[in-house]
Structures are given as structure tokens and as C-alpha cells.
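Open the model in your viewer and keep the sequence panel visible. The stops below go from single residues to a sheet and then to a pocket.

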Amino acid sequence: MRNFLLAVSAFLFLVGCSSDSDGGSGECGTITLTNVVQQGNQLVFNYQTQNTFNYYEIGYDVTTNLTGVSNDQLYFNYGFTTTDVSSTTREEDFLAFFAEENQTLSFYIRAQCSNGELTKWNGPIVLQIEEYCESPTDLNAFGSGVSWNFDGNNNASYYQVEYGLHGFNLGEGSQITTSDTSTHDAVMAQGNTYDFYVRAFCENGLGFGNWSGPVSVFADQDYNLCTPPSNVVHEIEYNFFGDPVGVVFRWDFNGESMFEHVLVSDGFDPNNTTSVNTSDGSGWPVYGQGLFQNTPYDFYIRAVCVDGSRTEWVGPKNIVIN
């Protein structure tokens, strides 16, 4: 964080006008910084004007760096320009450093008039930077979900993911809560583009941080629509001597990621068995031990949906190990 802070501090606002330290009013116009509010890693600036300006400059720095500096000698390690009228918002991830160091920042504003002249700096607004829950970084959307990193100064208890069709408004999408830094549980229909946002819920009473995102992904197939698997196939495995040792099953996922399957005697109802096996798609199930040659068996499989429900059994897939 400290290295990042030093890199950011290359920004300087140099002042070329002379005035008293209580300024903010000049011949070309008047601007007043009314308040600055911290919202996590965001700073919200509100200001009032009595003229039409080309743009606004907002500068800020550690309060002790600006103490006793006259208006015409002010310079700032942090700042930006904006054309937003009356209010603007700025994200500054280095605020976490100032919160950790228990420091205050002082904020000033000035504007460029239509004739090119600058008003005097108006300020300061002094703000104690508070500790906050930082935002996830490195969002990456893929297939049926999204992943991210979280390396904030505070521990995250869990994460909230909100997603919806491209362009949806936050608060109107579907939500997923997870303690992991990824999820595969988004429900998406083939042919649509979806936006994802993620935020953390931190310990120590800090609550939710700001949303990160959006990051978008195109659904190249259906995901988590509770669709049964299909195209079930099997292959008999043999040892070096040509003796059958088992049978491997494969199928099309159809957007699901968890499955239950059973191998029962020919004609047996799969709902009456107590030995249901599961698969997460990371490998294919092999049945071998306890099977008899030249004996018919039935294979059944169903998807376990993200809400915990199950699809209907797909089967029977009849096999005989010769």
C-alpha cells in the first residue's frame, strides 16, 4: 500500500494566482466547496458556483502538509479535474492507508472561467478518513459465474454477488452469497450477456464495502437452469489380460455442475436404492467392484440443481459386461 501511495503522489496541483488563504472568490467567478463525504473508498464532493465554468479542479493532501500554506502557494499530492456541476464522486483506493495511519485530509476546489482565468482555491474541508471494507479486485467472469481477489486490510466474512442481463440496475438483479472468492452458481440462459458485481462484508463491524464491477460474460450455453444431463454413454474397461474390470460413464452436462448417479440391477427402481453416488464433473465415474459378467445392469443419472432440487432420473442406460 505504501509503495502505491508513493507512486500516486506524483500528482501535483501548482497554483499561479495570488490571494489570501480564505479565498475562493476571484474576479472571474465564485466557487465554494460545501462538503466532502467518505463512502468507503469513494469521496463525494459537493460545491456551489456563481458562474459558468469550463472545468473544476479539486486538490487534497494530508492536513499537516498544508498547514500554514498561503492560498497562492498551495500544492497537492492528490487531485483531479472534472466538468461535473455541483457534485462529483472519486474513487481513491489509497484512502485505506490514511485510515490505517489515523490521518485527516484537507480538500480545496477552484475553477477555470470562460476567459481561461482560474478562481482562487476555496477550502479547506478537513475530513477524518475512516477505516472501511475494501472492494474486491481482479473480477473475471467465466462460464457460469465470476471470480475475484480480496487483499484488503480487513478480513471479509463473506461476499455478495449480484448479476443480471447486461445493463441491469444494481438492486434489481439476482444475488449469490458465498465465503469463497468465486462462484459457479449463476443461472444464465444461452445467447444472453450478463453483468456481474461483487462486494465484501468485512469483520470488525465494517459491514459491506462498495461494489466492484461490472464485468460481463456471454452465455454460450444454458447454465444452472436445472436441466437434466443427456447423451449418456459408457465404455467397458479391460485389464492387460483382456478381462473386464469396470465400466466408465460419460454425459453432457447441459449447464449443470453436480450430479447423482446409480448403477442398479436390471429393472430396479433407482428411487429405492440407498447407495447414490455423486459427481462434480471433475472426473468420470467408474463402476467395477462387485459387478458380474454377462449380467444386465441399469445406469441412472440426474442433475443436482443450485437450489438443491433434483431433475428427473435420466435412464435406464442398460449395460452388460461381457
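Start by selecting Q38, which lies in strand β2 (residues 29-39); strands here are DSSP runs of E with at least two residues, numbered from the N terminus. This is a predicted model, in which local features need pLDDT of at least 70 and side-chain atom pairs count only at pLDDT 80 or more, while totals for chains, interfaces and linings use all residues. Residues are numbered from 1 along each chain as its sequence is written, and side-chain values use heavy atoms, with hydrogens and water left out.

Q38 counts as buried because its relative accessibility is 18%; buried means under 20% relative accessible area, exposed over 50%, and partly exposed in between, with a 1.4 Å probe and protein chains only. Show the side chain of Q38 and find the backbone nitrogen of E130, which it reaches at 2.8 Å. A polar atom of the same side chain lies 3.1 Å from the backbone oxygen of G40. Next, display the residues in contact with Q38 (heavy atoms within 4.5 Å). Leaving aside neighbours within four places in sequence, they are L43, L127, Q128, I129, E130 and Y132.

Move on to T278, in strand β20 (residues 277-279). Is T278 buried or exposed? T278 has a relative accessible area of 57%, so it is exposed. Its contacts, again without neighbours within four places in sequence, are F259, E260 and H261. To cross to the next stop, go from T278 to S182: the two are 96 residues apart along the chain, and their C-alpha atoms are separated by 22 Å.

Now select β9, β10 and β13, three strands that form an open antiparallel sheet in that order. The edge strands, each pairing on one side only, are β9 (137-142) and β13 (182-183). Two strands pair if DSSP finds at least two bridges between them. β9 is joined to β10 (residues 145-149) by 4 bridges, and the two run antiparallel. To see one bridge, select A141 and its partner in β10, V146.

Last, go to the second largest pocket, with a volume of about 150 Å³. Which residues line the second largest pocket? Select F142, G143, S144, H184, Q221, Y223, N224, F253, G255, E256, S257 and D280. This lining divides into 3 nonpolar, 7 polar and 2 charged residues. Nonpolar covers Ala, Val, Leu, Ile, Met, Phe, Trp, Tyr, Cys and Pro; charged covers Asp, Glu, Lys and Arg; the others, Gly among them, are polar. A pocket is an open set of points on a 1 Å grid over the protein atoms alone, where a 1.4 Å probe fits, with protein on both sides within 12 Å along at least five of seven lines; lining residues have an atom within 4 Å of a point. The volume is the space filled by probe spheres set on the points.

How values were computed
Polar contact = N/O pair within 3.5 Å; in protein donor to acceptor, adjacent residues only side chain to side chain.
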